[in-house]
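Work through the exercises below with the sequence and the structure in view. Try each task before reading its solution.

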Amino acid sequence: MKAVLFGAGSIGRGFIAELLTDAGIEVVFVDINNHLVEAINKQGCYKQIIVGINTKEKIISNVRAIDGSDTQNVISELCECALISISVGASVLCNIAPVIAQGLIKRWESEIYTPVNILICENLHKAESFLKSEILRHLPENYHKKLDELVGLLETSIGRMIPVVPEEAIKSNQATVYVEPYRYLPYDSAHVKGIMPYIPAAIPYSPFEYYTERKLFVHNMGHFICALYGHLLGYTYIWESIGNPTIAYFVRSAMSCSALALSKKHIVDYTELMEHVEDLLYRFSNKELRDTIERVLRDASRKLSPDERLYGALKLCEEQNVSTIYIQLGIAAANHLFPDRKAEDELVSTLLEVLKNGFDFVEIQNAIQQYQYSNTEMVI
């Protein structure tokens, strides 16, 4: 059995390929980085460094790679594969949709009507509908029905954190990748077509909106707020930021608000969600990840868009009648840091005072409540 993976980057090499090869599935990467393609093909494997308290190495084998610009070769591989995965970055989806469409046309012209599922491994809200619209643009109308019948577009929740690989490791082998131990991949089982290959660490779930929102409004939101506060205090790494007890309190509180809103909306045990929050906070503190605040704050304009991690979480909590004060503090910090956004100076001043002075938790609560009571409408 073979899977075609668009993107041999950190998610493709550091997460998806491991799950698939562990399940006995051959992986064919498609990537435009010629050096990376060459490094993978040179040995037919690459090294994965799992960092944490007990750092260890794992060899990911049964893999090969092809140049993404070799369209005919890519189409041939798509004709013969049992599974497709995409982890190229949300902004690149529109660039690979044409070749996916051509691969599907080739399958059907060759009378290969076996259903194929596509794992969409992107941090993108409503990724399934976006990718479908892009593929349809490049499919003749007479094939539109076949797309609905024979292709499963499966959203996933990418929870594994993958840091930048140290330069010395890249010099040794460009395909080497560093990862954290966490390795579960929830996917949308409602859109599966035919039989999904069995992958032990992949978790089928429906309705999948729960996992999508949990990833975006708990994990991504908490991570981003942690980076914002760390930047305000001059830290370099995420582990430094979450290691500050005051920042940890604010981050946990914001994540708890989203967790409560998700519990109410999706009828999920709040205790289960809070266990997930505590696990995330522990993972944020992993020094060996060397995850930088600068990396987490990249692409801020997208991350601060209306349906994304902060404003989306704010809307979710408002809809479920859950307190939004801790999320609004994060939004105020973001507006303060990025000059193209409107800052709430008084709120940021209060926040900075609390962060720098390290108030105990009672004093933190009092400071927030005093501001909240004196400002019935918070400008965000």
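**Exercise 1. Find the bridge partner of Ile49 in S4, and place both strands in their sheet.**

Solution. The model is predicted, and the steps below read its strands in turn.

Step 1. Across in S4, Ile49 has Glu57 as its bridge partner.

Step 2. Strand S3 covers residues 45-50 and is joined to S4 by six bridges, with the two strands running antiparallel.

Step 3. The sheet is open and has three strands in the order S4-S3-S9, with mixed pairing.

Step 4. Strand S4 (56-61) and strand S9 (177-179) are at the edges with a single partner strand each, so one side of each has no neighbour in the sheet.

Step 5. On average, and with direction ignored, neighbouring strands of this sheet are turned by 30° against each other.

**Exercise 2. Decide whether the residues of S1 are buried or exposed, and find the strand that pairs with S1.**

Solution.

Step 1. Sort the side chains by direction: Lys2, Val4 and Phe6 point one way from S1, while Ala3 and Leu5 point the other way.

Step 2. All of these residues are buried.

Step 3. Five of the five residues of S1 are therefore buried, and the strand is largely enclosed by the rest of the structure.

Step 4. The pairing partner is strand S2 (residues 26-31), which runs parallel to S1 over five bridges. Within this pair, Phe6 stands opposite Val30 of S2.

**Exercise 3. Describe the salt bridge between Lys2 and Glu80, and state which parts of the chain the pair ties together.**

Solution. Side chains of opposite charge can pair when their charged atoms come close.

Step 1. In the bridge between Lys2 and Glu80, the closest N and O atoms are 3.0 Å apart.

Step 2. Lys2 belongs to strand S1 (residues 2-6) and Glu80 to helix H3 (residues 71-80), so the pair ties together parts that lie 78 residues apart in sequence.

Step 3. Compare each relative accessible area with the cut-offs: under 20% is buried and over 50% is exposed. Lys2, at 10%, is buried, whereas Glu80, at 57%, is exposed.

**Exercise 4. Classify the partners in the salt bridges Arg137 with Glu134 and Asp291 with Arg295.**

Solution.

Step 1. Arg137 and Glu134 meet through their side chains at 2.9 Å, N to O. Arg137 is exposed at a relative accessible area of 59%, and Glu134 is buried at 9%.

Step 2. For the side chains of Asp291 and Arg295, the N to O distance is 2.6 Å. Asp291 has a relative accessible area of 8% and is buried, while Arg295 is partly exposed at 25%.

Step 3. Some salt bridges share partners: Lys2, Glu26, Arg64, Glu77 and Glu80 are joined into one network in this way. The whole structure has 23 salt bridges.

**Exercise 5. Say which residues lie nearest the centre of the largest pocket, and which element gives the most to its lining.**

Solution. Rolling a probe the size of a water molecule over the atoms shows where empty space is left.

Step 1. The largest pocket holds about 1200 Å³ of space.

Step 2. Its lining has 39 residues, and Ser10, Ile11, Asn123, Ile162 and Arg295 are those nearest the centre.

Step 3. Two or more lining residues come from each of helix H1 (10-22), helix H8 (209-232), helix H12 (293-296) and helix H13 (300-303). H8 gives the most, with five residues.

Step 4. By class, this lining has 15 nonpolar, 14 polar and ten charged residues.

**Exercise 6. Describe the second largest pocket by its space, its lining and the classes of its residues.**

Solution.

Step 1. The space in the second largest pocket is about 390 Å³.

Step 2. Of the 19 residues in its lining, His125, Lys126, Glu209, Thr212 and Glu213 lie nearest the centre.

Step 3. H8 and helix H14 (309-319) supply at least two lining residues each.

Step 4. The lining of the second largest pocket divides into five nonpolar, four polar and ten charged residues.

**Exercise 7. Locate Trp108 and decide whether this residue is buried or exposed.**

Solution.

Step 1. Trp108 is part of helix H4 (residues 93-109).

Step 2. With a relative accessible area of 4%, Trp108 is buried.

Step 3. Cys79 is 29 residues from Trp108 along the chain, and the C-alpha atoms of the two are separated by 8.6 Å.

Note on methods: Residues numbered from 1 in each chain as written. Predicted model: local features only at pLDDT ≥ 70, side-chain atom pairs only at ≥ 80, totals over all residues. Heavy atoms only, no water. Pairing = 2+ DSSP bridges. Helix = DSSP H or I, 4+ residues; strand = E, 2+ residues; numbered from the N terminus. Axes fitted to C-alpha atoms, helices over the stretch in contact; angles between N-to-C directions. 1 Å grid on protein atoms, 1.4 Å probe; cavity = no way out; pocket = protein on both sides within 12 Å on 5 of 7 lines; lining within 4 Å. Points joined across faces, edges and corners; volume = space filled by probe spheres on them. Nonpolar A, V, L, I, M, F, W, Y, C, P; charged D, E, K, R; others polar. Salt bridge = Lys/Arg side-chain N within 4 Å of Asp/Glu carboxyl O. Buried < 20%, exposed > 50% of the residue type's maximum accessible area, 1.4 Å probe, protein only.
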